[in-house]
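Here's a quick briefing on a protein model with a ligand in place. Have a look at the sequence and the fold first, then come back for the notes.

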Amino acid sequence: MLNKKSVDDINVKGLKVLVRCDFNVPMVDGKITDENRLVAALPTIKKLIADGGKIILCSHMGKPKGEPKPELSLAPVAARLSELLGQEVKFAADATVVGENAKAAVEAMKDGEVVLLENTRYRKEETKNGEEFSKELASLCDVFVNDAFGTAHRAHCSNVGVTEYVDTAAVGYLMQKEIDFLGNAVNNPERPFVAILGGSKVSSKISVIENLLEKVDTLIIGGGMAYTFAKALGGNVGNSLLEEDYCEYALNMLKKAEEKGVKLLLPKDNVIADDFSNDANTKIVATGEIPEGWEGLDIGPETAKLYAETVKTAKTVVWNGPMGCFEMPNFAAGTEAVAKALAETDAVTIIGGGDSAAAVNQLGYGDKMTHISTGGGASLEFLEGKELPGVAAANDK
Ligand code: AMP
C-alpha cells in the first residue's frame, strides 16, 4: 500500500515550498478556455498559504520543446490564479524558468505569498530529467510538493529530479486522492470487483489486462479490442479493427481468466456499419458474424444490457476505454449505457482518465462517479501495476 508523506504531514511555516502543479490548461489567443485544473489545484495551495509557507508554483504547459514560446507562457495562469485565490500570484517571467526574476521574487517573499515560475518545458533538460535544472529548481526551496498526477508516469526535473536535492518531498491533495482511489480500488477493492476495458487496441492495454486479471472478479471487454478476441475465437469480424498478431495472446488471456476463476465477458452482439462514418448504414449482428465490407463500431443492445447488469452486482468498478466509437453519436449507445450504469450504482466507481473520463463528463455523469482520474497515461500505468516515478519520488510517511 502506498503511504506517502502529504501536505498534512509537513510543517511549512516560514519555509519556501516548491509546488509542482498541473496548470496545463487549454488556451486560445492567450485566454484560458477551461480552468478546471486551476480550480483543482486550489486546495493544496490554500492549505500551504494557511500554514504560512512561501509558495513557489511551477508547471508545464503544452509542448514548447525546450525553448521559450510566448503563446505557451504561464503568465495568463498567474493572472487567473490571483483572482481565484483572492491574492496576488507574482509571475516570474524568466525564459530560463529559474532566472534572475525568479530568484529575486523568491528572495522577497513573505510568509503566505505566492510566486509562479515560467513554463518548465521552456528548458530542454526538463523532459530529460537533467541534473542542472533539477538542482536549480531545488535551490529555490526548502520543501517540495508534487500535486501533478498527469505527469506522474514521467521522470522529469520538476517532479522527479528535483526531489534528489531537497530534504522533504511530499504529495499534494490531488495526488493523494489519485493514489488513494486508484491504489485502493486496484489493490484493496471491496468485492465483487469489476473492471471494464475498452478503447481501440489490445496491444495498448495488454499490461492492464494482465494486471487486472490478477485482481478482479469480472473483466468486461468492449471497444475495438473485442474484435481481436472474436477473431481469435474463430469468428468473422469483417473490416473491424483487428490485431492479427494478438489473437494468440487473446486466447491466452481467456485461458488465464478461466484458470483464475475470473469471469471474462466479451460482447454478444455488435452495431456494425458499412463505413467509418456517423451516416453509414448500420445493423445489429451477433459477435463473430460480421460480413465483409462491414465493421463493428459499438457493442450491441444485448451486450450493453448484460454489461449494465454486471455493473449492478459490483461493489468496486474501474473503467478505462470507451465501448465503441462514442465520438460519433450513432455509435455512442454502448458507452452511454455503461456510463449510466456506473452513475446509478452505489459501488465505488473509478474512471481511469482519457476518453472514458471525457465520455462520462460529456454525458453529464461526472459528479456521479466516486473518482475520475485526471491523468490518462498515468492512470493507465497505475492500472498496469507499474510504479509511477512521480509517486515513487515522494517520501514515504
Ligand atoms: P484508447 O485510446 O485505446 O482508449 O481508444 C479510444 C478510441 O477507441 C476512441 O477514440 C474510440 O473511438 C475508439 N474505438 C472504440 N471502439 C472502436 C471500434 N469498435 N472501432 C474503432 N475504434 C474504436
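In this predicted model, strand 9 (residues 193-197) lines up with strand 17 (residues 316-320) in the parallel sense, and 5 bridges hold the pairing. V194 is a handy marker here, since it stands opposite V317 in strand 17. The notes below cover the sheet, two backbone oddities and the ligand site.

**The sheet**
- Strands 9 and 17 sit in the middle of an open sheet of 6 strands, which runs in the order 12-10-9-17-18-19.
- The pairing in that sheet is parallel.
- At the edges you'll find strand 12 (263-265) and strand 19 (371-372), each with a pairing on one side only.
- As for what links such strands, the pairing goes through backbone hydrogen bonds, and it can be parallel or antiparallel.

**Backbone oddities**
- Going from R191 to P192, the peptide bond is cis, with omega near 0°.
- P192 belongs to the loop between helix 5 (173-187) and strand 9.
- K65 isn't a glycine, yet its phi is positive, at about 55°.
- That residue, K65, is in the loop between strand 4 (54-58) and helix 2 (75-85).

**Ligand site**
- Which pocket holds the ligand? The ligand sits in the second largest one.
- There are 13 residues around the ligand, and the ones that come nearest are S200, K205, G296, E327 and D355.
- Sorted by class, that shell has 4 nonpolar, 6 polar and 3 charged residues.

**Polar contacts and burial**
- For E327, an N or O atom of the side chain is 2.5 Å from an oxygen atom of the ligand.
- S200 uses its backbone instead: a polar atom there is 3.0 Å from a ligand oxygen.
- G224 also comes in through a polar backbone atom, this time 3.1 Å from a nitrogen atom of the ligand.
- How much of the ligand does the protein bury? Taken alone, the ligand exposes 510 Å², and the protein buries 79% of that.

How values were computed:
Residues numbered from 1 in each chain as written. Predicted model: local features only at pLDDT ≥ 70, side-chain atom pairs only at ≥ 80, totals over all residues. Heavy atoms only, no water. Near = heavy atom within 4 Å. Polar contact = N/O pair within 3.5 Å; in protein donor to acceptor, adjacent residues only side chain to side chain. Areas by Shrake-Rupley, 256 points an atom, 1.4 Å probe, with all protein chains shown as cover. 1 Å grid on protein atoms, 1.4 Å probe; cavity = no way out; pocket = protein on both sides within 12 Å on 5 of 7 lines; lining within 4 Å. Sits in = over half its atoms within 2 Å of the grid points. Nonpolar A, V, L, I, M, F, W, Y, C, P; charged D, E, K, R; others polar. Pairing = 2+ DSSP bridges. Helix = DSSP H or I, 4+ residues; strand = E, 2+ residues; numbered from the N terminus.
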